[in-house]
Amino acid sequence: MKIISFYKSEGQLIKKAVAGNSEAQRRIYDKHSPKMLGVCRQYIKDIHFAEDVMVTGFLKVFKKLHTFNFEGSFEGWIRRIMIRESISFLRKKQFVVYDDEALLKNENQSINSLNDVDVEYIQQMIDELPQGYKMVFILFTVEGYKHQEIAKMLKISESTSKSQLFKARKMLQEKLNKQNIIGYGAL
């Protein structure tokens, strides 16, 4: 049996989705949703809330799909929408903390000890950061945004962005040192 591709390129798929073709929209969702859930999960600790934000993000993707101008990566375009939706969700839920109050609270929480550093452990450590530190850390370190862009997105000053990143890295390094984990000094 010969398999015939539904669409020859992602560009055709996008054009069909813009025209309202639900099969094309489903294919876009199926292709990108696992990765985009991971993006939302980086910002939002609770997987159920992360899923809700991802679905809301995809609604926005399909609503604004006609604005995608085929310059740059389509996945990157979707990713930016997911990041903005995650930040918006956190703002609405008032989880964003930009002061040292949460820092002191989180320093007293214990972390389960693991033999090997793995992705889940690192994600757990990042989840335990105060929300403001976490967002700046992910935007800068994982997503590659500059402090000027982060400041604009989060409506904070550039120096606050730099300070948040410094404090996040310091907290993560201290947690790694407490666990006697070596080799993660570049956080």
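Helices, in the sense used here, are DSSP runs of H or I with at least four residues, numbered from the N terminus. In the predicted model described below, Asp127 lies in helix α6, an element that spans residues 119–127. With a relative accessible area of 9%, Asp127 falls under the 20% limit and is therefore counted as buried. When neighbours within four places in sequence are left aside, the contacts of Asp127 are with Arg41, Lys45 and Lys134.

The protein as a whole contains nine helices and zero strands, and its elements, read along the sequence, follow the pattern α-α-α-α-α-α-α-α-α. Of its 187 residues, 39% count as buried. Among the contacts in the protein with a separation of 6 or more, 62% are accounted for by residues 24 or more positions apart.

The largest nonpolar core comprises 47 residues, and those with the most contacts inside it are Tyr43, Met82 and Leu139. Two or more residues are given to this core by each of α1 (10–18), α2, α3 (47–64), α4, α6 (119–127), α7 (131–142), α8 (147–154) and α9 (158–178). The most is given by α4, which supplies nine residues.

Helix α4, which runs over residues 74–92, has 19 residues and reaches 27 Å from its first C-alpha to its last, close to the 27 Å expected at 1.5 Å a residue. At the N-terminal end, α4 is capped by Ser73, a side-chain oxygen of which lies 3.2 Å from the backbone nitrogen of Glu75. The buried residues of the helix are Phe74, Gly76, Trp77, Ile78, Ile81, Met82, Ile83, Glu85, Ser86, Ile87, Phe89 and Leu90, and they pack against α1, α2, α3, α7 and α8.

Two of these buried residues of α4, Met82 and Ser86, illustrate the surroundings of the helix. Not counting residues up to four places away in sequence, Met82 touches Met36, Val39, Cys40, Met54, Gly57, Phe58 and Val61. On the same basis, Ser86 touches Cys40, Tyr43, Ile44 and Val53; Cys40 thus appears in the contacts of both Met82 and Ser86. The relative accessible area of Ser86 is 0%, so this residue is classed as buried.

A relative accessible area of 0% is also found for Ala24, which is buried for that reason. Ala24 has its place in helix α2, made up of residues 22–43. Although ten residues separate Ala24 from Ile14 in sequence, the C-alpha atoms of these two residues are 7.2 Å apart in space.

Aromatic side chains form a further set of interactions, with a count of seven aromatic pairs. Ring pairs link Phe68, Phe70, Phe74 and Trp77 into a cluster, and two members of this cluster, Phe74 and Trp77, are also among the buried residues of α4. Another member, Phe70, is approached by a charged side chain: the charged end of Lys15 sits over the ring of Phe70, at 5.8 Å from its centre.

Technical notes: Residues numbered from 1 in each chain as written. Predicted model: local features only at pLDDT ≥ 70, side-chain atom pairs only at ≥ 80, totals over all residues. Heavy atoms only, no water. Buried < 20%, exposed > 50% of the residue type's maximum accessible area, 1.4 Å probe, protein only. Contact = heavy atoms within 4.5 Å. Core = buried A, V, L, I, M, F, W, Y, C linked by side-chain atoms within 4.5 Å. Phe/Tyr/Trp six-rings, centres within 6.5 Å; stacked < 30°, edge-to-face > 60°. Lys NZ or Arg CZ within 6 Å of the ring centre and 35° of its normal. Expected span 1.5 Å × (residues − 1). Polar contact = N/O pair within 3.5 Å; in protein donor to acceptor, adjacent residues only side chain to side chain.
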